[in-house]
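Q: I would like a close look at one part of this protein, with the reasoning spelled out as far as the coordinates allow. Please take a single packing contact as the centre and work outwards from there.

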Amino acid sequence: MTASDMSSHIAELARYGNALTGLAAGDAWGYQVEFRKYADLPAYPVPAPAGEWVISDDTQMTLALHDALVEITDFDDIAAVTDAIIRHFILWQVDPDNYRAPGRACMGSLSNLRAGARWHDADGAHESAGCGAVMRLVPAAFAPEPYWRGVTALQAVITHKHPRAIVPALLLADAIRHAPERHGRFLEHALAEADRIYDGASEWLTDPYLAAVLAPYRGDVSSVLVDGLNDDVVDILISAAETLDRLDQLDPTEFGDPCAGIGEGWESASAIALGLLAADLATSPDISDAPRLTGPEALGWAATSNGDSDSIACIAGAVIGAAHTVPDYWPLSGLTPRFEPRYTAELAAASTVLPGASPTD
C-alpha cells in the first residue's frame, strides 16, 4: 500500500468509526423517547442519556450487516453476499437481546426467509417501505467500488421489497459515501440525483451490479428508481429542503418538531429526509461558516421529534459522522457516550475494519 493509499484508508476508517459512533449515539438518544408524542416529551430538546446509553434494533442490525460484509471475499458472488446478510440478520432475529422494538417488516421477512423463502418470492420479503431498510445501511455505504450501490439495495430488499425503500436507501448511502464533499448540501444533492434519474443521466441507471441485484425482483432498474421517486419520495425531500430554508431564519431554540411538514420517519423516505435535514444543519458548505447546530446538538434535536426518534437521530448521526475524516470526531465535539459493554466492544471492533477490507489492510 502506497503512502497515499494508506492515508486514504486511514481517513476512511476514521469516517467509518465516526459514522458508527454517531449512528449508535443518535439511536440511544432517540430510543429514550421512541413512541412518545412531541407534546409529551420530557424536555426540548431531549437531553442525552444519563448513565449507560442503551441502543435499539437500529444499531444491532447495523452491526449485523457489518459482520456480514466483512466476511465477503468476492462481492461478485451475489448469492454468497445475500446468504451472509440473511444469516447475520437471522442471528440478530434470534438473539436474546433482540427485544428493543424490532420492526414488523424485518421480523416478518426474516421469519419467511428462515422458512425457506427467497427474498424476491411472493412469500419472501415484505412489500414494505419502512425505515428498517435505511437505518442500518452504513456498512453498505462503505462497501468497495463498484459494489456499494448494489449491496445497499440488497440489504434493503432482503426485508423491505419496495421501491420506496430501495430509492431512499440508495440516496442515503450516496450521502454517506460522499459526505466529506457535501457538507451542508445533503438534501440538495439528493434532489439533484433524483433529477438525474428522471432525466436518464444518473450513473445508477447503468450500474451493472445494482441491476444484477435487483434482477430477481424487476429487470428494469429505471422503473424501480422512478417508481420509488414518484411514491412521494421527491415531495418529502422538497419539504425537508423547504424546512431547511425556513430554519435558517430562526434561532435553534425555535426549531420545534423536526417532523412538522415532512413526516414522522416511520418509513424510509421521511426517515432519510429528516436525517439529512439534521445533518445539513450540523455541517456547513463553507469551512469559514459555523454550522447552525453542533453535531451533538443535531442529535438532540433529531431525537426531540413526534416520530421515530431513534431512527431519525441515528441516520443524522451516521451522516454527520461520515462527513468528518478526523478520528474521534464525536469526543472532539464534546460527546462521549457510554454504551452497554457488549455494544461498546462490538462498535470498537467494527470501527477497525472496513467492509471488503481485511483487518490487516
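Which residues in α8 meet which residues in α12?

A: Since the model is a predicted one, what follows describes computed geometry. On the α8 side of the contact stand R164, A165, P168, L171, L172 and A175, and they meet S268, A269, I272 and L276 in α12. Sorted by type, the residues of this contact comprise eight nonpolar, one polar and one charged. Helix α8 covers residues 163-177 and helix α12 covers residues 268-282, and the two pack with their axes 8 Å apart at an angle of about 20°. Because angles under 35 degrees count as roughly parallel, α8 is described as roughly parallel to α12. The crossing of these two helices, α8 and α12, is left-handed.

A useful residue from which to view this contact is A133, which sits in helix α5 (residues 132-135). With neighbours within four places in sequence left aside, A133 is in contact with Q155, A156, H160, A165, A169 and S268. Two of these partners, A165 and S268, also belong to the residues through which α8 and α12 meet, and A133 therefore touches a residue from each side of that contact. The relative accessible area of A133 is 0%, so this alanine counts as buried. By contrast, I10 is 123 residues from A133 in sequence, and their C-alpha atoms are 28 Å apart in space.

Moving outwards to the aromatic side chains, a search of the whole structure gives ten aromatic pairs. One of them joins Y16 and F142 in a tilted arrangement, with 4.9 Å from centre to centre and 55° between the planes. This pair ties together parts that are 126 residues apart in sequence, because Y16 lies in helix α1 (residues 3-31) whereas F142 lies in the loop between α6 (138-141) and α7 (148-157). Y16 is buried, as is F142. Another pair, formed by Y329 and W330, is edge-to-face, its ring centres lying 4.8 Å apart and its planes meeting at 70°; both of these residues are buried as well. Finally, W29, W53 and F339 come together as one aromatic cluster.

To return to the part you asked about, the picture is of two helices, α8 and α12, whose axes lie 8 Å apart, with A133 of helix α5 in contact with A165 and S268 among other residues.

Note on methods:
Residues are numbered from 1 along each chain as its sequence is written. This is a predicted model: local features need pLDDT of at least 70, side-chain atom pairs count only at pLDDT 80 or more; totals for chains, interfaces and linings use all residues. Side-chain values use heavy atoms; hydrogens and water are left out. Rings of Phe, Tyr and Trp (its six-membered ring) pair if their centres lie within 6.5 Å; planes under 30 degrees apart count as stacked, over 60 as edge-to-face and the rest as tilted. Helices (H or I, at least four residues) and strands (E, at least two) are DSSP runs, numbered from the N terminus. Buried means under 20% relative accessible area, exposed over 50%, partly exposed in between (1.4 Å probe, protein chains only). Contact means heavy atoms within 4.5 Å. Axes are lines fitted to C-alpha atoms, for helices over the stretch in contact, and angles run from 0 to 180 degrees between N-to-C directions. Angles under 35 degrees count as roughly parallel, over 145 as roughly antiparallel, 65 to 115 as roughly perpendicular and the rest as oblique. A crossing is left-handed if the near helix is turned anticlockwise from the far one by less than a right angle, and right-handed if clockwise. Ala, Val, Leu, Ile, Met, Phe, Trp, Tyr, Cys and Pro count as nonpolar, Asp, Glu, Lys and Arg as charged, and the others, Gly among them, as polar.
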